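Trainee: I should like to examine one part of this model closely rather than survey the whole. Could you take me through the sheet and its surroundings in one connected account?

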Amino acid sequence: MPSTVILGTGSYAPERILSNAELSKMVDTSDEWIRTRSGIRERRIAAPGEATSDMAVQAAKRALLDAGLKADEIDLVVVATVTPDMLMPSCACLVQHKLGVPTSAACFDLNAACSGFVYALDTVCAMVASGRYKKALLIGVEKLSAVVDWQDRTTCVLFGDGAGAAVVGLSSEEGKGLIGTRLGSFGEGAELLHIPRGGTSAPSTPESIAARDHCIRMKGKEVFKLAVRAMDEAARDILEQYHFRADQISLVIPHQANLRIIEALSEYLELPMERFFVNVERYGNTSAASIPLALDEARRTGRIKSGDLTMLVAFGAGLTYGSALVRW
Ligand code: COA
């Protein structure tokens with residue numbers, strides 16, 4: 001039976017670097033606090049006028065080049081994001097137009113916050129495996145700088161902008177590609193990490209905008225504990241389900257939210273940190289973009305070789321979580 005494989009990857013990060021030193025001039029914080037609590041040294045910020053779809057297109061072009069494909073060969077575009085250019089239409093439709101993907105392609109967005117890429121990988125692989133789609137473009141992208149409260153030191157130091165993309169298709173090579181996924185969600189924890197206003201339950205008012213309630217609000221400590229628990233469970237469950245041991249994983253590509261969360265996962269799974277790909281120090285938490293950005297960097301720096309077994313593992317607002325096993 002043919003398997004669904006990642007044919008190419010690409011990523012994009014805006015040029016503008018916002019360092020911890022600069023942030024400490026904006027809010028009451030310090031480079032030392034941010035580094036020791038999160039591992040983050042700097043993050044990227046989109047240029048004025050640079051939209052989510054613009055970043056997505058840059059990453060997508062690189063993924064297409066890597067896969068040796070042209071935009072007109074794509075028949076499915078899925079964009080995982082919580083920061084689309086606008087609520088309607090989807091970012092995927094804007095990307096389709098900017099890239100020149102044919103009008104016969106299916107295009108839609110998917111919102112699973114920081115777990116978005118893993119959710120979208122599962123969705124896209126199932127659609128391609130059905131035989132109804134041949135070549136899919138899957139993008140995780142965020143412009144979180146647009147929804148961060150730049151006066152809230154407990155959140156603004158953590159997030160950044162960026163994009164990562166993958167092209168998915170079928171392969172007849174035995175044993176390669178997506179082995180399986182494990183997805184889940186704790187909806188009861190929705191308010192631990194959310195954007196309280198601006199949706200249909202509580203539309204923005206001049207007062208709510210003045211209070212910046214259209215920005216990210218997070219209970220950091222609770223989210224931290226749940227993130228470690230959920231990522232550990234998602235990793236263990238998928239290993240058990242597909243009969244692998246943790247030490248058979250050559251590289252884990254975790255969601256890059258906080259170095260301490262990744263270190264805790266390394267300890268719980270009894271897998272050394274050398275088996276985890278980490279770039280959170282350069283980008284901060286880029287939500288749905290974090291795993292594809294890390295995956296692309298891991299591939300480009302030779303951290304993933306043919307035959308390797310990798311695990312993607314994520315956690316995010318929802319509260320969603322997910323893991324995926326991929327053989328290269
Ligand atoms: N600079 C300086 N001090 C800060 C600060 C900042 N940027 N942000 C918070 N503080 C202060 C707090 O006000 C608190 O002060 P107090 O003790 O006087 O009340 C103190 O630092 C400790 O805050 P606390 O929230 O207990 O810190 P922490 O060790 O839990 O680390 C996070 C905070 C946000 C880094 C951590 O909880 C975290 O990473 N949570 C998960 C976030 C995440 O990954 N979210 C996305 C999931 S997809």
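Mentor: The account below begins with the sheet, moves to the helices packed on it, and ends with helix pairs and backbone details elsewhere.

This is a predicted model, in which local features need pLDDT of at least 70 and side-chain atom pairs count only at pLDDT 80 or more, while totals for chains, interfaces and linings use all residues. Residues are numbered from 1 along each chain as its sequence is written, and side-chain values use heavy atoms, with hydrogens and water left out.

The sheet is open and is formed by 5 strands in the order β1-β7-β6-β4-β5, with mixed pairing. Helices (H or I, at least four residues) and strands (E, at least two) are DSSP runs numbered from the N terminus, and two strands pair if DSSP finds at least two bridges between them. The edges are occupied by β1 (3–12) and β5 (106–110); each has a single partner strand, so one side of each is left without a neighbour in the sheet. On average, and with direction ignored, neighbouring strands are turned by 20° against each other. Such angles run from 0 to 180 degrees between N-to-C directions, and the axes are lines fitted to C-alpha atoms, for helices over the stretch in contact.

Both edge pairings can be described in detail. At one edge, β1 pairs with β7 in the antiparallel sense over 9 bridges, and Ile6 has Val168 of β7 as its bridge partner. At the other edge, β4 (residues 76–80) and β5 run parallel and are joined by 5 bridges; there, Ala80 has Leu110 of β5 as its bridge partner.

Helix α5 (residues 116–129) lies across β1, β4, β5, β6 (136–143) and β7 (161–171), and runs at about 25° to β7. Helix α11 (residues 290–300) also packs on the sheet, where it touches β1, β6 and β7, and its direction makes about 95° with that of β1. Contact here means heavy atoms within 4.5 Å.

How many of the residues of β1 are buried? The number is 9 of the 10, so β1 is largely enclosed by the rest of the structure. Buried means under 20% relative accessible area, exposed over 50%, and partly exposed in between (1.4 Å probe, protein chains only). Helix α11 is mostly covered as well, with 9 of its 11 residues buried; among them are Ser290, Asp296 and Glu297, together with Ile291, Leu293 and Leu295. Just after α11, Gly302 takes a positive phi of about 75°.

The loop between α5 and β6 contains Gly131, which is partly exposed at 38% relative accessibility. From Gly131 to Leu170 the C-alpha to C-alpha distance is 8.9 Å, although the two are 39 residues apart in sequence.

Two helix pairs may be set beside this picture. Two packed helices are described by the angle between their axes and the distance between the axes. The axes of α3 (residues 52–67) and α4 (residues 91–99) come within 9 Å and cross at roughly 55°, which makes α3 oblique to α4. Angles under 35 degrees count as roughly parallel, over 145 as roughly antiparallel, 65 to 115 as roughly perpendicular, and the rest as oblique. The crossing of α3 and α4 is right-handed, meaning that the near helix is turned clockwise from the far one by less than a right angle; anticlockwise would be left-handed. In this contact, residues of α3 including Ala56, Val57 and Leu64 meet residues of α4 including Leu94, Val95 and Leu99. By class, the contact has 8 nonpolar, 2 polar and 3 charged residues; Ala, Val, Leu, Ile, Met, Phe, Trp, Tyr, Cys and Pro count as nonpolar, Asp, Glu, Lys and Arg as charged, and the others, Gly among them, as polar.

Helices α8 (residues 220–241) and α9 (residues 259–269) pack at about 40° with their axes 10 Å apart, and are therefore oblique to each other. Their crossing is right-handed. Among the residues in contact are Phe224, Val228 and Met231 of α8 and Ile261, Leu265 and Tyr268 of α9. That contact divides into 10 nonpolar, no polar and 3 charged residues.

Finally, a cis peptide bond with omega of about 0° joins Met88 and Pro89, and Pro89 lies in the loop between β4 and α4.
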